Amino acid sequence: MKKDLWIDGEFKNASSYMELKNPYNLELLAHIGSASQEDVLSAVNAAYQAKAKMAEMPAYERAEILEKVAHLLKTEREECAELIAVEAAKPLKAARAEVDRTIMTYTFAAHEARRIHGETVPMDGAPGGQGRLAFTIREPLGVIAAITPFNFPMNLVAHKVGPAIAAGNSVVLKPASQTPLSAYKIAEYFHSAGLPAGALNVITGSGNKIGDVLMKDNRIKMITFTGSPEVGSYIREHSGLKRVTLELGSNSALIVDDGVVLDSVIPRIVNGAFAYQGQVCISIQRIYVHENIFEGFVEKFVSETKNLKVGNPLEEDTDISAMISRGDVQRTKEWVGEALNNGAQLRVGGRAEDGIFQPTVLMNVPSSEKVSCEEVFAPVVSINRFTEMDEAINLVNDSKYGLQAGIFTNDIHKALKAAKKLEVGGVMINEIPTFRVDQMPYGGVKMSGMGREGIKYAVEEMTELKLISFKTE
Ligand code: NAP
């Protein structure tokens with residue numbers, strides 16, 4: 001199969017193509033167009049030409065297009081899940097869950113399209129302001145560049161394209177090189193749903209080559225990026241006065257307090273640590289367990305981990321499959337090896353075979369180890385003990401990241417203290433940090449990023465607030 005670039009409402013030949021392989025069995029899936037500088041510029045040009053049409057389109061029409069996309073996803077749910085499973089090695093169960101969330105994301109975008117509004121401003125609150133009627137409106141920014149990662153190839157595209165279209169912008173989308181097929185699928189859905197040509201363009205190819213062209217182009221008003229902190233920082237430094245939102249990585253932590261009934265929470269925590277091979281920005285990477293329940297927790301956690309079925313992403317009962325690349329398997333092996341050399345204890349896993357890294361549980365991991373202080377983005381979790389809640393909160397905060405954190409406790413005072421003190425974008429009480437529904441505000445502090453997604457919040461980032469003041473006297 002050959003996949004061309006999607007520019008100005010049609011597939012266009014690229015000057016070169018790259019091989020796309022299934023990360024699980026390395027089978028060739030497709031030849032994917034690799035955009036040249038001219039291709040990127042023609043995508044930006046198409047988006048620029050379409051921006052007036054998008055800005056003039058009434059809200060109900062934008063909403064109807066988004067609703068149609070959600071409907072097409074529902075109709076072709078299984079096909080979309082299989083696409084994600086083969087290009088990302090995401091187990092089918094998780095891939096179906098991602099398609100269901102993508103449907104919700106576009107549905108929320110359709111709702112938001114209909115309720116974008118401003119507010120009246122009481123100008124007479126200041127001396128000299130009287131005799132005026134003033135209000136704000138929200139206007140689309142124009143052309144938005146969206147750059148997305150491999151790990152939720154459909155839903156993270158939806159978190160950018162959904163609010164951008166809801167707000168009346170046009171988009172140039174650059175999906176991750178490993179997961180282009182689901183992005184091209186979405187472009188086809190928008191086309192069938194009646195989105196004007198040029199309002200959504202999809203270009204694939206090397207991230208840094210395409211990124212540099214997008215960052216330099218003044219017709220682009222905003223770059224919305226989800227991916228690694230390294231690339232996010234680079235984009236921020238090179239985007240001049242463009243608006244930039246960054247949804248970056250983390251080493252998310254969970255606190256489990258004394259008195260928590262372990263049997264009711266362990267399966268959920270295991271899922272939060274290992275779902276999609278730990279390649280989720282809010283995967284549980286560090287668990288701090290009260291010393292009174294530590295041994296029991298580890299024992300039950302390890303036994304539940306051993307029940308995970310490892311294998312082909314296309315098999316119905318697979319829980320864990322291949323990591324996104326062989327290089328990431330090697331990196332994980334090295335980081336786990338270093339932790340073991342420096343005093344951590346291995347309770348299960350630690351082995352790699354082909355593209356798969358076995359789900360791995362480490363205990364008593366020094367906080368300076370990469371598996372603890374860097375984003376491991378692999379099926380590896382560290383479990384350490386604490387005595388006092390203040391100590392646990394400090395351990396969670398001892399991180400350069402701050403996306404979400406979780407705490408299981410029966411003590412309302414400790415829960416509220418944690419909510420106040422944890423330095424993250426979202427605190428999940430009696431829930432894992434991996435919890436997300438798609439309309440909630442979502443984003444990080446510290447090196448986890450800036451700006452918020454969750455459709456309503458993304459729409460705010462993707463619109464310009466304009467003040468209109470009438471002098472009435
Ligand atoms: P990545 O390597 O940073 O790539 C993300 C995107 O950026 C890809 O499309 C990539 O293209 C592109 N890119 C690479 N270099 C670029 C450059 N110099 N300029 C512009 N774009 C460039 O991240 P990933 O490995 O795909 O995804 C994993 C990371 O995403 C993790 O850190 C994870 O925590 C983070 N993430 C965060 C969230 C969140 O909401 N906070 C959600 C999901 C994932 P190529 O593929 O062509 O290199």
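A residue counts as near the ligand if one of its heavy atoms lies within 4 Å of it. Keep that cut-off in mind for the opening stop, and remember that you're looking at a predicted model.

**Stop 1: the ligand**

Select the ligand and everything around it. You should pick up 32 residues, of which T148, S177, S228, L248 and E375 come nearest. Now zoom in on some backbone atoms. At T148, a backbone N or O atom sits 2.8 Å from an oxygen atom of the ligand. Add G205 to the selection: one of its polar backbone atoms is 3.3 Å from a ligand oxygen. Then go to L248, where a polar backbone atom lies 2.7 Å from a nitrogen atom of the ligand.

**Stop 2: α4 and α5**

Next, select residues 92-114 for helix α4 and residues 155-166 for helix α5. Their axes are 9 Å apart, and the packing angle is about 15°. Angles under 35 degrees count as roughly parallel, so that is the label for α4 and α5. The crossing of this pair is right-handed. To see who touches whom, show side chains for E98, R101, T102, T105, Y106, A109 and A113 on α4, then N155, V157, A158, H159, V161, G162, P163 and A166 on α5. Color the contact by class and you get eight nonpolar, five polar and two charged residues.

**Stop 3: α9 and α10**

Move along to helix α9, residues 262-274, and helix α10, residues 294-306. Here the axes come within 9 Å and cross at roughly 55°, which makes α9 oblique to α10. The crossing is right-handed. On the α9 side, pick L262, D263, I266, P267, I269, V270, A273 and F274; they meet G296, F297, K300, F301, E304 and T305 in α10. By class, that contact holds nine nonpolar, two polar and three charged residues.

**Stop 4: α13 and α14**

Finish with residues 389-397, helix α13, and residues 412-421, helix α14. How far apart are the axes of α13 and α14, and at what angle do the helices pack? The axes are 11 Å apart and the angle is about 30°, so α13 and α14 are roughly parallel to each other. Look for a right-handed crossing as α13 passes α14. The contact residues to display are M389, D390, I393 and N397 from α13, with K414, K417, A418 and K421 from α14. Sorted by class, this contact has three nonpolar, one polar and four charged residues.

Technical notes: Residues numbered from 1 in each chain as written. Predicted model: local features only at pLDDT ≥ 70, side-chain atom pairs only at ≥ 80, totals over all residues. Heavy atoms only, no water. Axes fitted to C-alpha atoms, helices over the stretch in contact; angles between N-to-C directions. Helix = DSSP H or I, 4+ residues; strand = E, 2+ residues; numbered from the N terminus. Parallel < 35°, antiparallel > 145°, perpendicular 65-115°, else oblique. Left-handed = near helix turned anticlockwise from the far one by under 90°. Contact = heavy atoms within 4.5 Å. Nonpolar A, V, L, I, M, F, W, Y, C, P; charged D, E, K, R; others polar. Polar contact = N/O pair within 3.5 Å; in protein donor to acceptor, adjacent residues only side chain to side chain.
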